Amino acid sequence: ARWRLSSSSFLFMTMNRAGRVAQHVRHVRHASQLAAEPVLGEVSTVRTGQTAVVSLTRPTKLNSLNLNMIRELRATYDKIVAEGAGCVLLKGEGRAFCAGGDVAAIQQQVEQGKVDGLPVDFFYEEYQLVEIIATLLGKHKIPQVSLWNGIVMGGGVGLSVHAPFRVCTEKTVFAMPETKIGLFPDVGATYALPRLPGGLPVALMLGLAGTRLKAADCLWAGLATHFIASDKLPAVEEQLAQAHGFDDVKRCLDTFCSHPDQSSATLAQVEASIQKCFSADSPAAILKSLDSEGSEWAAQTAKTLREMSPLSICVSHRAMVEAAKDSCSLQEALVKEYRLSQYCAQRDVPRSDFQRGVRAVLIAKPAEVPQYSHASVEDVPAALVQEFFEPLPQGHPRGELAL
C-alpha cells in the first residue's frame with residue numbers, strides 16, 4: 001500500500017492490501033538488525049592496539065552516508081561494544097570526513113512513489129546509529145575521536161559531534177546547510193548545537209544559515225575540541241593505539257594540539273552581533289535585527305537566510321528552541337527529529353520544500369535556485385509549522401523512533 005503523510009493521517013491508495021502492510025509493519029518494527037545485511041566495502045575497520053580505527057570509504061561521493069553505510073556502521077559499533085576497545089577513531093577517506101546523507105536518493109524514491117522504503121528506513125536507522133555513538137562513552141566507557149580532516153556536514157556531523165573528542169585540521173570545513181534543501185539540522189544537531197558555549201544564538205546562526213566554518217571558528221564555537229595539523233595525524237594514530245580510556249586519549253591529543261591559522265576566523269569578531277540578532281524570538285525578528293545591525297556580516301547573514309527555505313527556517317527555529325530546554329534529552333530530540341524528517345520527506349509543496357529543494361540543489365546539473373513554497377518567513381502559517389511536530393500518524397511503517 002502506498003502512503004503519504006498528511007497533517008493527521010496516511011492515505012492508503014489501495015486498502016485491499018492492508019494485511020500485507022500490517023505484516024510489513026510488524027517485520028520492520030521487530031528490530032533494525034533484521035533489515036537487509038549491509039554490503040561490505042563502504043566502511044572499513046582496523047584494530048590497532050587498543051584502538052578501533054573506523055574509516056568511511058566512499059571518497060568519490062565525499063563519504064556521503066547511504067543506508068548500506070549506516071547498516072555497516074551499526075554492525076561495526078555493535079562489534080566494538082561487544083569486544084571492547086580503548087577508543088574509537090572515526091575518519092573519512094579522501095578530502096571529506098563525511099559530506100552528509102545521500103538525500104538525493106531519498107528524494108528520487110519519493111518522487112517515484114516508493115514512500116515506504118528508503119525515506120522511512122534511512123532516517124530511522126541513521127538516528128539510531130547517532131544515539132549509539134553519542135552514548136558510547138557513557139554506557140560503555142569507550143571514547144570516540146572524530147577526525148575532521150576535510151568536509152564535515154549533515155549526517156557526518158551526526159556521526160561525530162556527539163563524541164567527546166572532535167579534531168579539526170587546516171582542511172576542515174564544517175556546515176549544517178539543511179535549510180537550503182527544505183530539511184532541518186538533524187542527526188541530533190537540534191540538541192547539540194544549543195549546548196555549545198555560545199548557546200542558542202550560535203546554534204540558530206549555524207543551523208538556520210548553514211554557516212561554513214574552518215578550523216579556527218570550529219574551535220571558537222566549541223564544535224572542535226582540538227586542532228592538529230594534518231601532517232601529524234599518522235603519529236596521532238600511532239600513539240592512540242596505546243590509549244585506553246578517556247584520560248589516555250585526552251593526553252595523546254593534547255600532546256599534538258596546536259593553534260590554527262586565524263586568517264579565516266570571523267565569529268569571535270562578531271560575537272556580540274550573533275548574540276544580539278539571534279536572541280530575537282522568531283525568524284522574522286532575527287531578520288529584522290540583522291537588517292538593523294548595519295554591518296557587512298549582518299547583511300550577508302540576512303541575505304543567506306533569505307536564500308533558504310522559509311518553511312524550513314521556521315521549523316528548524318522551533319525545533320532548536322524546544323531542544324535547547326534543559327528538560328530535553330538527546331533521545332527526546334531524536335524522536336522529534338524523526339517526526340520532522342518524515343513530514344519533510346513525504347510531503348510536497350506547499351507543505352514541504354524537501355523534494356523541490358533537493359531536486360534543485362543536489363540533482364539538477366547545473367544546480368538551480370529552488371522555488372520554495374513561501375516567499376518569506378512571514379508568509380509561513382504557524383499552523384503549518386505545528387503539523388511537523390505532531391506525533392506520526394497511525395499506519396506509519398516504522399512508527400515513532402525507538403531508541
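Pro366 lies in the loop between α17 and α18 (382–387). In this predicted model, the peptide bond that joins Lys365 to Pro366 is cis, with omega about -5°. A second cis bond runs from Val349 to Pro350, where omega is near 5°. Pro350 sits in the loop between α16 (330–345) and α17 (354–363). Helix α17 therefore has a loop with a cis proline bond on either side, as the places of Pro350 and Pro366 show, given that helices are numbered from the N terminus.

Most peptide bonds are trans, and most residues other than glycine have a negative phi. Exceptions to the second pattern also occur here. Lys141, although not a glycine, has a positive phi of about 60°. The residue belongs to the loop between α5 (136–140) and β5 (144–148). Its relative accessibility is 63%, so Lys141 counts as exposed, the cut-off for that class being over 50%.

Val187 is another non-glycine residue with a positive phi, in this case about 50°. Val187 is found in the loop between β8 (173–175) and α7 (189–192). Is Val187 buried or exposed? With a relative accessibility of 1%, Val187 counts as buried, because the class takes in residues under 20%.

Burial can also be followed along a whole helix. Helix α4 covers residues 118–134, which makes 17 residues. From its first C-alpha to its last, α4 reaches 24 Å, close to the 24 Å expected at 1.5 Å a residue. Of the 17 residues in α4, 16 are buried, so this helix is largely enclosed by the rest of the structure. In an α-helix there are 3.6 residues a turn, so residues three or four places apart point the same way.

The protein as a whole has 18 helices and 9 strands. Of its 403 residues, 57% count as buried. A compact globule with 403 residues would have a radius of gyration near 22 Å, and the 21 Å of the protein agrees with that. Along the principal axes, the C-alpha atoms fill a box of roughly 60 × 55 × 45 Å.

Contacts between residues with a separation of 6 or more can be sorted by distance along the chain: 74% of them involve residues 24 or more positions apart. The accessible surface comes to about 16,900 Å², and carbon and sulfur atoms account for 52% of that area. The protein carries 40 positive and 42 negative charges, whose mean positions are 5 Å apart.

Technical notes:
Residues numbered from 1 in each chain as written. Predicted model: local features only at pLDDT ≥ 70, side-chain atom pairs only at ≥ 80, totals over all residues. Heavy atoms only, no water. Helix = DSSP H or I, 4+ residues; strand = E, 2+ residues; numbered from the N terminus. Expected span 1.5 Å × (residues − 1). Buried < 20%, exposed > 50% of the residue type's maximum accessible area, 1.4 Å probe, protein only. Rg over C-alpha atoms; globule rule 2.2 N^0.38 Å. Contact = heavy atoms within 4.5 Å. Areas by Shrake-Rupley, 256 points an atom, 1.4 Å probe, with all protein chains shown as cover. Lys, Arg positive; Asp, Glu negative; His and termini not counted. Charge placed at Lys NZ, Arg CZ, Asp CG, Glu CD.
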